[in-house]
Amino acid sequence: QHLPALTALSPFPEFPYFIHIHAMKVKVLSRNPDDYVRETKLDIQRVPRNYDPSLHPFEVPREYTRALNATKLERVFAKPFLASLDGHRDGVNCMAKHPKSLSTMLSGSCDGEVVWNLTKRECVRTLQAHEGFVRGMVVRFCGTSFFTVGDDKTIKQWKMETPGYGEEEEPLNTILGKSVFTSIDHHQKEGVFVTCGQQVDIWDEQRSSPIRSFSWGVDSFSCVRFNPVETELLASCASDRSIVLYDMREATPLKKVIMNMRSNTLCWNPMEAYNFTCSNEDYNLYTYDMRYLDKPFTVHMDHVSAVLDVDYSPTGKEFVSASFDKTIRIFPKDSGHSREVYHTKRMQHVISIKWSSDNKYILSASDEMNIRLWKANAAEKLGLLAPREKAAVNYSQKLKEKFQHHPQIRRISHHRHLPKSIYSQTKELRVMKEARRRKERNVRKHSKPGSMPVVTEKEKHVVTVVK
Amino acid sequence: MIDICLFCNQPPTRYWERTEEDGKNDGKKQKEGDNNEQTPQQNNTRTKKGGNGRSIYPFPGSAPVPEEKLKKFRRGVKGELPPRPQYKLRDVVIRSEAASDLAQKQNARYDLMLPEDAGFLEGDEDEDTCTISQDDIVDAVDITAGAKYFNLTLSQFGPYRLDYSKTGRHLLLGGRRGHVTCLDWQSKQLMCEMNVMETVNDVKWLHSEALFAVAQKKWLYIYDNKGIELHCIRKFNDVLRMQFLPYHFLLATASATGFLQYLDVSVGKEVVAICTKAGRLDVMAHNPHNAIIHLGHSNGTVTLWTPNQREPLVKMLCHQGGVRSVAVDKTGTYMVTSGMDKKLKVYDIRAYRPLQSYFLPAGASCLSLSQRGLLSAATGDIVQVYRDVWGIPVTKPYMAHRAKGSVWGVHFCPFEDVLGVGHGEGFTSMVVPGAGEPNFDGLDANPYRSAKQRQEWEVKALLEKIQPELIGLDPSQLSQVDHSTWEQRHEDRVQVLGFDPLAKEKFTPRLKTKGRSSSGKVEKRKKQVAHEDQRDVIRQTVEDRMKIDKERKEKEKKKAAAAGQKSALDRFRK
C-alpha cells in the first residue's frame with residue numbers, strides 16, 4: 001500500500017517496471033513485441049540493427065566466404081557476347097562512333113560499302129562510298145555528317161540523314177587526293193580534319209587542298225589521331241617504326257619516338273590526354289606519356305600476335321585491343337596484363353575495335369564480315385538495377401577487391417578459357433622469354449661487372465627519340 | 001542524429017565550451033555591425049547577442065561522438081602510410097582509412113540510438129543483492145518480465161540438460177531418462193515432447209529451431225521440431241557432450257571413448273574424428289570468438305582443439321584433480337574453469353594467464369557465461385550468479401537461487417535476462433537482471449523473426465558458411481599481410497629477374513658546377529647522406545631503449561608499492 005508514494009520518488013516515472021521496493025532497484029529486459037514486428041502484413045519487416053562487433057563474430061572469414069562466392073558467381077555469369085551484326089559482304093575494315101547518338105555506329109568494309117547499324121541490331125542504311133577498301137571514317141563532332149577515305153584516293157563527306165524517297169545517295173563533298181589515304185580524323189571543335197597516307201595532311205572543310213602537310217623522312221603513315229583535350233595536337237604512326245607528334249599550328253612536327261617494331265594504331269586517353277597507347281606489331285601495347293617519350297610507362301603484354309587496333313573507354317581507366325590472334329583483350333591502363341580476353345570460335349582476325357561512349361559495350365569488326373557486340377564488363381547485368389541490387393553489386397565488388405590477392409580467389413577470378421592455339425602459343429612465348437632472360441643473366445654473370453647493364457622491359461623496345 | 005553544420009565550418013563546439021574570448025569577439029562584432037563592415041562569413045556566424053540582436057545557435061557542427069563508443073568499433077590499428085614514391089598505394093591506403101574512419105563514426109553514432117538498455121539489480125545500502133529472492137524481483141517488475149520466472153516440475157525423467165536456440169526464443173530439454181521436449185518458452189507453447197526410451201546424455205539445437213541433436217546412449221540422433229527422427233548417425237557413438245558452431249555449421253561432439261568428432265550439418269558429413277587419447281570426455285565448451293573447442297580432462301588439464309590439427313593447440317594445467325566444467329566468454333578473452341579441487345579459476349586465454357582463483361566450499365559442477373559477462377555456477381542444488389569475476393576479486397555472489405533438485409545444467413538465455421537451470425526435479429527459469437544483451441541484430445539472430453525471415457536468414461547463413469579449414473586461434477588472420485609468403489615471392493622474383501626491382505637507389509651526388517664538385521666534396525656529400533640514414537636508425541634504437549627502460553622502472557616502482565609497508569630492514573637499502 002506504500003507503493004504509489006515510492007513510485008513517485010523514482011527518477012524515471014515513465015518506466016512502469018522500474019519501481020523502488022525496500023529501496024531495491026531492478027530492471028529486467030522486457031521488450032514490447034510491437035516495437036519489433038510489423039504492424040500489418042502490408043508493411044515491410046522491421047530489422048533492428050546493432051553493429052556491435054562482438055555480436056558479429058568471424059567478420060573476416062565470413063567476408064572472405066562472401067568474396068569467394070561473389071567471385072565464383074562472377075565467373076558463372078560472365079557471358080560477354082551479345083550480338084553479331086552481319087550484313088557486310090567483305091571483311092570490315094573500319095568503324096566510327098557517333099558523337100551524339102549512342103545507338104548509331106558506322107562501319108566500312110573492304111568492298112567499299114558503308115553500313116549503318118543501330119542497337120536494334122539492324123542495318124539502317126547502306127551506301128557505296130568508294131571503289132575498293134574504305135580505309136577510314138570519322139563522324140564530324142556535330143554528328144550531322146561524316147567523312148570517309150578509301151583506296152580510290154578520295155575523301156568524301158556524307159550527310160548523316162538518310163536521303164528521302166527518290167533522292168540519290170550522293171556525297172556532300174568529294175576531294176580527289178594525290179595518293180591513297182589510310183586514315184582520317186576530325187578536329188574536336190573546328191571544321192578541320194586530318195588524313196594520312198604518304199604524308200599527314202591537314203584539311204579545311206571549305207577547301208579542296210590541304211592547308212598544311214607534314215612529312216618527316218620518306219615513309220607512309222598508318223594512323224593519325226587528334227588529341228581530344230589539347231585539340232591542336234596530333235599523333236601518327238608511321239611505317240618506319242616511329243610515332244610522330246605534331247602541333248597543327250606549327251610548320252614542322254614536334255618529335256618522334258622510334259621503336260623496335262611498327263605501331264599500327266594509337267589512341268589518346270580521353271581523361272589524361274597527355275597519355276596515349278599504341279598497338280604494336282611485336283604483340284605488345286605501349287602507353288606513353290607524351291612529354292617523356294624515351295620510355296613507355298607501361299608495356300601491356302598478353303597478345304600472341306600483332307595488335308591491330310586499340311580504343312580507350314570514355315572513363316580513361318581501361319582500353320580494349322584487337323589483335324591478329326583472333327582475340328580481344330581489355331587492359332587496365334596501368335597494368336601490364338589484361339584483365340579480360342574475348343574470343344569466339346568463328347571470329348577471325350579482329351581489325352577494328354571501338355569502346356562505346358556509355359562505357360558499357362565493345363564493338364569489334366573482324367575479317368569474316370561480322371561486327372560483334374560485347375559487354376565491356378562480362379558479368380554485368382544489363383538493364384535497370386533495383387537500389388538493393390545495386391548495393392549488393394557494389395558490396396560484392398568491394399569484397400572481391402579486398403580479397404583479390406588470396407590464392408583461391410585469385411585463381412578463380414583470373415581463370416579464362418583460351419583456344420588451344422592461343423594457349424599453347426602463350427606458353428611457348430613464355431618459355432622463349434624465360435630462355436632469353438636466363439641467357440642474359442648468365443652473360444651478365446660471366447662478364448665484367450657493370451659492362452652489361454640491366455635493361456628493363458620498358459627500355460628494351462625504344463630505339464631513340466628524335467626532336 | 002541530425003547534422004547541424006549548416007552555418008559554419010568550424011569544429012563542433014558546445015555552448016558550455018564558450019570562453020571569454022568569444023565574449024570579446026561578440027563585442028567586436030557589435031562594433032563592426034555598427035560600422036556596417038561585416039564580412040560575409042561573420043554574417044553567417046550566429047552570434048549570441050549580435051548587433052542585430054540575433055541569439056546564438058548553441059549546437060553548431062555535428063555532435064561529437066564519445067571516445068569510448070568509437071573505441072568499441074575500432075578494428076585493428078592504423079599502420080604507417082607507405083612512403084611517398086609509392087603514391088598509388090599511398091592513395092589507396094589513405095582512401096580506405098578515411099572510409100573506415102567514417103564507418104566507425106557512423107556505427108558509434110548509431111550505437112547512441114539503440115532502443116533498449118541493459119537490466120540491473122541494485123540492493124539497499126546494507127543489503128546484498130544475493131539475498132533478494134526471485135519472488136521479490138517478480139513482484140517488482142512488470143508482468144511480462146515477471147512471467148520469465150517459472151518452474152517446470154518434471155520429476156519422473158530428470159535430471160535435465162537444456163539448450164537455448166541462437167535467438168533465445170526456444171528451449172530444448174533433455175531428461176537423463178529419455179524425456180526430450182522443446183518449447184517456445186516465452187509463450188509456453190509446446191513444439192514437441194517425446195521419450196526416446198534411452199539415456200539422453202546431451203541435447204543441442206542446430207543452426208535454427210527446426211532441428212536439434214540428441215546424444216543418446218549409443219548413437220547421435222537428429223530430430224526436427226515435430227519430434228520426427230531424421231537421422232541416426234552411427235559414426236558418432238557414446239557421445240557425452242556436444243557443441244554447435246553456428247557460423248561453421250559444425251556439430252562438435254565429445255565421446256566416452258575419447259573421440260572429438262566434427263559433423264558438418266549442412267552436408268551431413270563427418271569432417272574429422274580426432275582421438276584425443278585423454279579418456280572419457282565429459283567437459284566441453286567452445287570459444288564463440290574463434291570456434292575453438294575446449295575440453296576438460298580428469299587430470300586437471302584443459303586442451304584446445306581445431307578440426308585442422310590432430311594434436312591440441314594448447315594444453316593448460318588448470319586444476320589439481322579433474323576439471324568439472326569450462327566456460328568461455330563471448331569475446332574470447334576469458335575462460336572460467338571449475339575443478340574437483342573446489343576451485344573456480346579465471347584465465348586470460350589470449351595470453352594463457354591465470355587472472356583470478358576463487359575457492360567455492362562445494363565446488364561448481366556447471367558453469368555458464370552470459371552475453372554481458374555474468375557467470376553462473378551450480379553447487380549442488382544452489383545456483384550462484386557472479387558478476388565481473390575477471391575484474392577485482394569478487395567476494396559475494398550477485399544472485400543466488402536454490403533449485404529443487406541437484407543442478408545438472410545451466411544455460412543463460414541469449415538476449416534475455418534469464419538463466420535456465422535444469423535439475424533433478426525439472427527445470428527452473430530464473431530472472432537474472434543484466435544478463436542478456438539488450439539490443440539484438442535483426443540480420444544475425446532476431447527473436448521476433450517471421451517464418452519467411454528465418455528462411456531467408458537460413459539461405460544467407462548457408463551461403464556464407466565458413467569452411468572448417470579457416471578455424472584458428474586468430475580469426476582475423478585472414479585479413480593480415482602474409483609477410484613470409486611475400487618475402488618468398490619477392491626472393492623468387494629477384495631470382496628470375498636477376499636484380500631487385502624494389503631496391504633503394506644508391507645516392508649519387510649531382511654534379512655541381514662552380515667548383516663544388518671536386519672529388520673530395522662529392523665524397524663528403526655521400527658520407528653526409530649515409531650518416532643521415534645511420535642517425536635515423538640510431539635515434540630509433542635509442543628511443544626504443546629509453547621506452548623500455550622507463551617501462552621497467554615504472555614496473556619496479558609499482559612492484560615496490562605493491563610490496564607494501566616499509567620493513568625495518570629498508571633503512572639499510574640504498
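Visitor: How many helices and strands are there in chain A?

Guide: A good start is to count the secondary-structure elements. Chain A has six helices and 30 strands. Please keep in mind that this is a predicted model.

Visitor: And what does the secondary structure of chain B come to?

Guide: For chain B the count is nine helices and 29 strands.

Visitor: How should I read the radius of gyration of chain A?

Guide: The idea is to set the value beside the one for a compact globule with that number of residues. For 467 residues such a globule would have a radius of gyration near 23 Å, but chain A has 31 Å. The spans along the principal axes add to the picture: the C-alpha trace of chain A covers about 115 × 80 × 45 Å.

Visitor: What radius of gyration does chain B have?

Guide: Chain B has 32 Å, whereas a compact globule of 574 residues would have one near 25 Å. Taken along the principal axes, the box filled by the C-alpha atoms of chain B is roughly 105 × 75 × 70 Å.

Visitor: Next, burial and surface. What percentage of the residues of chain A count as buried?

Guide: Burial is read from relative accessible area, and buried means under 20%. In chain A, 46% of the 467 residues count as buried. The surface that chain A exposes is about 23800 Å², with carbon and sulfur atoms supplying 54% of it. In chain B, 44% of the 574 residues count as buried. The accessible surface of chain B is about 33200 Å², and 52% of that belongs to carbon and sulfur atoms.

Visitor: Which residues is B:Ala145 in contact with, leaving aside its neighbours within four places in sequence?

Guide: For a single residue, place it in its element, check its burial, then list its partners. B:Ala145 lies in helix α6 of chain B, residues 143-146. With a relative accessible area of 0%, B:Ala145 is buried. Its contacts, apart from those sequence neighbours, are A:Val28, A:Leu29, A:Ser30 and B:Val431, so the list holds residues of chain A and of chain B.

Visitor: Is B:Ser255 buried or exposed?

Guide: B:Ser255 is buried, because its relative accessible area is 0%, under the 20% limit. B:Ser255 is found in strand β12 of chain B, residues 250-255. Leaving aside neighbours within four places in sequence, B:Ser255 is in contact with several residues of chain B, including B:Asn237, B:Asp238, B:Gly279 and B:Arg280.

Visitor: Where does UniProt list the feature "repeat: WD" in chain A?

Guide: An annotation is best read together with the geometry of its span. In an unreviewed entry, UniProt lists "repeat: WD" for residues 300-341 and 343-384 of chain A. Residues 300-341 of chain A are 0% helix and 48% strand, with end C-alpha atoms 13 Å apart. Residues 343-384 of chain A are 0% helix and 43% strand, and there the end C-alpha atoms lie 27 Å apart.

Visitor: At which residues does UniProt place "repeat: WD" in chain B?

Guide: The unreviewed UniProt entry places this feature at residues 316-357 of chain B. That stretch of chain B is 0% helix and 60% strand, and its end C-alpha atoms are 15 Å apart.

Visitor: Finally, how far apart are the mean positions of the positive and negative charges of chain A?

Guide: Here one compares the centre of each set of charges. In chain A, the mean positions of the 70 positive and 56 negative charges are 9 Å apart. In chain B, the mean positions of the 86 positive and 74 negative charges are 8 Å apart.

Conventions:
Residues are numbered from 1 along each chain as its sequence is written. Chains are lettered from A and ligands numbered from 1 in the order in which they are written. This is a predicted model: local features need pLDDT of at least 70, side-chain atom pairs count only at pLDDT 80 or more; totals for chains, interfaces and linings use all residues. Side-chain values use heavy atoms; hydrogens and water are left out. Helices (H or I, at least four residues) and strands (E, at least two) are DSSP runs, numbered from the N terminus. The radius of gyration is taken over C-alpha atoms; the globule rule is 2.2 Å times the number of residues to the power 0.38. Buried means under 20% relative accessible area, exposed over 50%, partly exposed in between (1.4 Å probe, protein chains only). Accessible areas come from the Shrake-Rupley method with a 1.4 Å probe; for residues, only the protein chains shown count as cover. Lys and Arg count as positive and Asp and Glu as negative; His and the chain ends are not counted. The place of a charge is taken as NZ of Lys, CZ of Arg, CG of Asp or CD of Glu. UniProt positions are given in the numbering used here, feature names are shortened, and annotations may be inferred rather than shown by experiment. Contact means heavy atoms within 4.5 Å.
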